[in-house]
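Please look over the following model. The report takes up one helix and one pocket.

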Amino acid sequence: MSELKTRITKVQVIKPATEDGEACLVLIYPPGQDMGKRFPLPRDEVVLGRGADCDIQVDYDSVSRRHARVYRGSEGWMVEDLGSTNGSYVNDIPVSRSPLQDANFLKIGAAIFKFLSGAGVEASYYEEIYRMTIIDGLTGVHNKRYFLEFLEREIARCARHQRPLSLLMFDIDHFKRINDSHGHLTGDYVLKEMSRRLRERIRKEELLARYGGEEFAAVLPETDHVGAMTFAEQIRQLVSGEAFEYEGDRFQVTISVGVYTLYGQNSDPADFIKHADEHLYRAKRAGRNRVVGMDNASSLHSTR
């Protein structure tokens, strides 16, 4: 897959927006040197696409030469798909023409923009930049940086209060096969849909994060090993229990999960992750689509 290269060819940088009607697009995915870049919309129509003649050029294989246009109509800002190969989406809903409202997500190919408009667009932009430092742009769960900071705090807190702390490391089985068979846009959908399903199971004191690629982590403060193994089995079933469907393709997805629990013990975060990862690899070697775990005081456990 080619690296995303985004540049403005016609749109000029404007002063910070202070009036109603001012708007911009912010690139939030995929990661790269242009992530977080703001594309002001000072004119009534802007075309996005891979072609060099586009106002906002998104040089990515999944983006059509002239993919979509964003324009200001009588009722406000709109987006129109220009007959692209992979379609245009607003908040994950495919559209041919649709209104754009403040904070909507616009997806063209594999690129995701956030649309910001109104009198508070400048403040919203900086809020979005901060959000991007802790949230993964594709899945909407926390990113690796925030996960590592959260894990370090929770290790110290649980050691101080002599409470258990459980860590789950898990990834999607045969994810490369999904990408190769169905395409990378389907792979992106699987990551987003799995995250959506699992977010509903995470309590406010817990954390779900994308660790990298197709690997994720869940931190469960004050959860003992039995509880963590039960939770891991629940999310395994949540992913495998209902088929994934994208653009007419329907297929099963499974995950393998590694679990490790600390009981009132301090630990280096890297060592904690290493232990959970080792059990993840045990689960894969045992046949995938299963849970394997251990705590720091007992023997190996597995389910399925």
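Helices (H or I, at least four residues) and strands (E, at least two) are DSSP runs, numbered from the N terminus. The model is predicted: local features need pLDDT of at least 70, side-chain atom pairs count only at pLDDT 80 or more, and totals for chains, interfaces and linings use all residues. Residues are numbered from 1 along each chain as its sequence is written, and side-chain values use heavy atoms, without hydrogens and water.

**The largest pocket**

A pocket is an open set of points on a 1 Å grid over the protein atoms alone, where a 1.4 Å probe fits, with protein on both sides within 12 Å along at least five of seven lines; lining residues have an atom within 4 Å of a point. The largest pocket has 23 lining residues. Nearest its centre lie Asn91, Asp92, Ile112, Leu138 and Lys192. Helix H4 (184-199) supplies at least two lining residues, as do strands E11 (105-108) and E16 (244-246). H4 gives the most, with seven residues.

| Lining class | Residues |
|---|---|
| Nonpolar (Ala, Val, Leu, Ile, Met, Phe, Trp, Tyr, Cys, Pro) | nine residues |
| Polar (the others, Gly among them) | four residues |
| Charged (Asp, Glu, Lys, Arg) | 10 residues |

**Helix H1**

Which residues of H1 are buried (under 20% relative accessible area, 1.4 Å probe, protein chains only)? They are Val121, Glu122, Ser124, Tyr125, Glu128 and Met132. Seen down the axis of H1, these fall within an arc of 160° (directions from the axis to the C-beta atoms), so they line one face. They pack against strands E2 (23-29), E3 (38-40) and E12 (111-117), with contact meaning heavy atoms within 4.5 Å. Glu127 and Tyr130, exposed (over 50%), sit on the face turned away from the buried side.
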